[in-house]
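Me: Please take a close look at one strand of this model. I would like its cover, its pairing and its place in the chain.

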Amino acid sequence: MDRVRPPISGKPSGGLSKSDFQIDPDMNFHNSLPVSLLKEWRGYCSDAGLPARADFGMQTLRQYLGWICLLRVDPDRRDLVYSLIGTRIVDQVGRDNTGKAVSETLPPVALDIYMQLLAEPRPVRTWGPVTWRNRDYLHHESLVLPLASDRRTVDQFMVLMMFY
């Protein structure tokens, strides 16, 4: 379930260079927070399927809250909408995109990655410069975790995003 493949298109779309938004199949994180959240997520996986958002109580999420965003899948399954964005993400990116669609806020390659994860759910590490906010000096590292209320069909993503 954890083996990661490149985006469906095989290369970034939207005129981005390959280094702007990358997938790391080895999940080599620079910080221990994504590693511990990934361990929590895996602990909630079962033979029944994927974890649900309800599996993660406030006690579990407390240490991650400022770095987490939650995205819900639109009913047509062609986009995602931010339902929560942590304050540390807002501080680094310079904007609170709660209520906005991924297609409005991130490069097309990001939506491509989410669409692939809808079809083939698994955790993913992404990384690269924050060019979508004209902050090339800042780099992100993200853990993207699919969630499914019914344990089968992804209806949300939990993303832990850190910056360097």
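Reply: What follows describes one strand, its partners and then the chain around it.

This is a predicted model, in which local features need pLDDT of at least 70 and side-chain atom pairs count only at pLDDT 80 or more, while totals for chains, interfaces and linings use all residues. Residues are numbered from 1 along each chain as its sequence is written, and side-chain values use heavy atoms, with hydrogens and water left out.

The strand is β2, residues 68-73. Helices (H or I, at least four residues) and strands (E, at least two) are DSSP runs, numbered from the N terminus. Of the six residues in β2, five are buried, where buried means under 20% relative accessible area with a 1.4 Å probe, counting protein chains only.

β2 pairs with two strands, β6 and β3; pairing requires that DSSP finds at least two bridges between the strands. β6 covers residues 156-163, runs antiparallel to β2 and is joined to β2 by five bridges. Within that pairing, R72 has Q156 as its bridge partner. β3, residues 80-85, is also antiparallel to β2, again with five bridges. Here L70 is matched with L84. The hairpin of β2 and β3 has six residues between the strands, and R77 adopts a positive phi near 60° there.

As for the setting, the chain contains five helices and six strands, in the order β-α-α-β-β-α-α-α-β-β-β. Of its 164 residues, 49% are buried. Among contacts (heavy atoms within 4.5 Å) with a separation of 6 or more, 58% are between residues 24 or more positions apart.

Notes
Buried < 20%, exposed > 50% of the residue type's maximum accessible area, 1.4 Å probe, protein only.
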